[in-house]
Amino acid sequence: MTISIRPTVPADVPLLPPIEQSAGELFRTVPELAWIADGDNIPPQRHLELIAGGACWVAEAEDGSLAGFLAAQQTEDALHIWELSVRQDQQRRGIGRAMIGEAAAFAREQGLQALTLSTFVGVAWNEPMYRRLGFMVLSPEDCDARLQDILRNELAAGLHSERRCAMRMHIARVAAA
Ligand SMILES: CC(C)(COP(=O)(O)OP(=O)(O)OC[C@H]1O[C@@H](n2cnc3c(N)ncnc32)[C@H](O)[C@@H]1OP(=O)(O)O)[C@@H](O)C(=O)NCCC(=O)NCCS
């Protein structure tokens, strides 16, 4: 497999909602979450804001088409992943794992302590996948004010809190040679 990961540029933005839409089709396999597949995608303006922050990447497939994207935002001490989406026909090829690796390398370079995100509990390609990649679930008490806010906003947007969790991956320091 030859997949290359590069920073997202504004010219990529029109291509990102169709990728998110295609990725989300996976939720149709979970009847109570099938509505996610019909939900809104990240608006182009929001992509542009996140791209300006310098922590967004796309994965290019062998034929030059975009296979996936990761949109993140640097906070004081962590890199927060807002969305990771891989096109349906490109899933299970290691692209999601590689993009998390790219985000972790960036966070390490920036001297950040962690990657954070919020996701669905018990959905194979959400919380269990992130656990396999090195994330831990945070209990509500362990969430800082920023993550509590994110979970509160999700609840207000109709996502049942018992189905959502915040997760954190610690970024290990590399000892100087
Ligand atoms: C989550 C997502 C980005 C993963 O992308 P991907 O490129 O398919 O993931 P990878 O191939 O790197 O898989 C990494 C590991 O995650 C797990 N995994 C990924 N997709 C899975 C699935 N559909 N079912 C079960 N396990 C899965 C596996 O452990 C996999 O490793 P393996 O293939 O060696 O067993 C993709 O499924 C997607 O776009 N889903 C819809 C959007 C979404 O839920 N995004 C996350 C929001 S928090």
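Here is a short conversation between a student and a tutor about this predicted model.

Student: Before we start, what should I know about the numbering and the pLDDT limits?

Tutor: Happy to set that out! Residues are numbered from 1 along each chain as its sequence is written. In this predicted model, local features need pLDDT of at least 70 and side-chain atom pairs count only at pLDDT 80 or more, while totals for chains, interfaces and linings use all residues.

Student: In what order do the seven strands of the open sheet lie?

Tutor: Strands here are DSSP runs of E with at least two residues, helices are runs of H or I with at least four, and both are numbered from the N terminus. Two strands pair if DSSP finds at least two bridges between them. The pairing in this sheet is mixed, and the order is 1-2-3-4-5-7-6.

Student: Which strands are at the edges?

Tutor: Look for strands that pair on one side only. Those are strand 1 (4-7) and strand 6 (136-138).

Student: Is strand 2 largely enclosed or open to the outside?

Tutor: A residue is buried if 20 or more other C-beta atoms lie within 10 Å of its own, exposed if 12 or fewer, and partly exposed in between, with C-beta atoms placed from the backbone. Four of the five residues of strand 2 are buried, so this strand is largely enclosed by the rest of the structure.

Student: Which residue of strand 3 stands opposite Ala59?

Tutor: Ala59 is in strand 2, where Ile5 stands opposite it. Strand 2 pairs with strand 1 in the antiparallel sense over four bridges, and with strand 3, also antiparallel, over five bridges. On the strand 3 side, the residue opposite Ala59 is Gly68.

Student: Which residues is Met99 in contact with, leaving aside neighbours within four places in sequence?

Tutor: Met99 lies in helix 3 and is buried, with 24 other C-beta atoms within 10 Å. Contact means that the C-beta atoms of two residues, placed from the backbone, lie within 7 Å. By that rule the partners of Met99 are Ile5, Trp57, Ala59, Gly68, Leu70 and Leu84.

Student: Which element gives the most to the largest nonpolar core?

Tutor: A nonpolar core is a set of buried Ala, Val, Leu, Ile, Met, Phe, Trp, Tyr and Cys residues joined through C-beta atoms within 7 Å. This one has 36 residues, and Leu70, Leu79, Ala103 and Leu115 touch the most other members. Strand 3 (66-74) and strand 7 (164-170) are among the elements that supply at least two residues each. The top contributor, with seven residues, is helix 3.

Student: How many residues surround the ligand, and which are the closest?

Tutor: A residue counts as near the ligand if its C-beta atom, placed from the backbone, lies within 6 Å of it. Elements that each supply at least two shell residues include helix 1 (16-24) and helix 3 (95-109). There are 20 residues in all, and the closest are Ala23, Gln91, Gly96, Arg97 and Ala124.

Student: What is unusual about phi of Arg92?

Tutor: Most residues other than glycine have a negative phi. Arg92 is found in the loop between strand 4 and helix 3, and with 8 C-beta neighbours inside 10 Å it counts as exposed. Its phi is positive, near 65°.
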